[in-house]
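Reader: Please take me closely through a single part of this model, and then set that part beside the rest of the chain.

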Amino acid sequence: MYPVTDDVSDDASYQEFGSEVALATPKEPGGKGQGNNPEQLFAAGYAACFLSAMKLVGTQGTHADKGFGLAVTLAIALPGLDTVEAEALVAEADTVCPYSHAVRGNIEVRLEVTTEA
């Protein structure tokens with residue numbers, strides 16, 4: 001396993017692996033829609049991963065589970081919030097987030113909350 005790290009903030013752009021990605025909330029829920037949303041990035045990542053799996057199987061034949069997998073640690077910084085309030089916000093967001101629903105029970109997910117500046 002190799003680690004991959006990203007820093008993301010609200011409606012920001014960030015650069016990862018030489019590519020700049022503009023993040024934006026879609027128009028439908030009230031955002032500007034001028035950038036990529038997490039669902040689009042998930043679709044692109046999933047499609048690329050699945051393509052790699054098809055290439056592997058296509059060149060090497062059928063495989064038993066090789067132990068490939070994912071684990072996620074979200075280091076969530078909420079400076080200035082009370083710790084109890086910050087943890088409650090993160091816990092509630094975890095119940096709403098479509099990604100949290102998709103991975104719950106399938107991969108290890110750690111939510112690390114800090115409130116220090």
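Author: What follows begins with one helix and its two ends, and then turns to other parts of the chain.

The model is a predicted one, in which local features need pLDDT of at least 70 and side-chain atom pairs count only at pLDDT 80 or more, while totals for chains, interfaces and linings use all residues. Residues are numbered from 1 along each chain as its sequence is written, and side-chain values use heavy atoms, with hydrogens and water left out.

The setting can be given briefly. Three helices and four strands make up the protein, and along the sequence they come in the pattern β-β-α-β-α-α-β; helices (H or I, at least four residues) and strands (E, at least two) are DSSP runs, numbered from the N terminus. The helix to look at closely is α1, residues 38-60, which comes after β2 (19-22) and the loop that joins the two.

Asn 37 sits in that loop and caps the N-terminal end of α1, with a side-chain oxygen 3.0 Å from the backbone nitrogen of Glu 39. Such a pair is a polar contact, meaning N or O atoms within 3.5 Å, where within protein one must be able to donate a hydrogen and the other to accept it, and where residues adjacent in sequence count only if both atoms are side-chain atoms. Is the capping residue, Asn 37, buried or exposed? Asn 37 counts as buried because its relative accessibility is 11%; buried means under 20% relative accessible area, exposed over 50%, and partly exposed in between, with a 1.4 Å probe and protein chains only. Apart from its neighbours within four places in sequence, Asn 37 is in contact with Ala 24 and Pro 26, contact meaning heavy atoms within 4.5 Å.

The length of α1 can be checked against expectation: its 23 residues, at 1.5 Å a residue, should span 33 Å, and the end C-alpha atoms are indeed 33 Å apart, so the two values agree. The expected span is 1.5 Å times one less than the number of residues in the helix. After the helix comes Gly 61, with a positive phi near 85°.

α1 also gives the most to a nonpolar surface patch, with six residues. The patch, of about 690 Å², is made by Leu 41, Phe 42, Tyr 46, Phe 50, Leu 51, Met 54 and Tyr 99, and Tyr 46 is one of those lying in α1. Patches consist of residues with over 30% relative accessible area and no salt bridge, like charges being joined within 9 Å and nonpolar side chains (Val, Leu, Ile, Met, Phe, Trp, Tyr) within 5 Å.

Helix α2 (residues 83-96) can be set beside α1. At the start of α2, a side-chain oxygen of Asp 82 comes to within 3.1 Å of the backbone nitrogen of Val 84. The 14 residues of α2 should span 20 Å at 1.5 Å a residue, and its end C-alpha atoms are 20 Å apart, which agrees. Thr 83 belongs to α2 and is partly exposed, since its relative accessibility is 40%; its C-alpha is 9.1 Å from that of Glu 116, which stands 33 residues away in sequence.

The structure holds two salt bridges, each a side-chain nitrogen of Lys or Arg within 4 Å of a carboxyl oxygen of Asp or Glu. One joins the side chains of Asp 94 and Arg 104 at 3.3 Å, N to O, and this pair links distant parts of the chain, with Asp 94 in α2 and Arg 104 ten residues away in the loop between α3 (98-103) and β4 (108-114). Asp 94 is partly exposed at 22% relative accessible area, as is Arg 104 at 43%. The other salt bridge is between Arg 110 and Glu 112, whose closest N and O atoms are 3.0 Å apart; Arg 110 is partly exposed at 40%, and Glu 112 is partly exposed at 37%.

Arg 110 appears again beside strand β3 (residues 71-77), where Val 72 is found. Not counting residues up to four places away in sequence, Val 72 touches Ile 107, Glu 108, Val 109 and Arg 110. Val 72 and Glu 108 are 36 residues apart in sequence, yet their C-alpha atoms are 6.3 Å apart. Val 72 counts as partly exposed because its relative accessibility is 29%.

For the whole protein of 117 residues, 11% count as buried. Among contacts with a separation of 6 or more, 41% are between residues 24 or more positions apart.

How values were computed
Areas by Shrake-Rupley, 256 points an atom, 1.4 Å probe, with all protein chains shown as cover.
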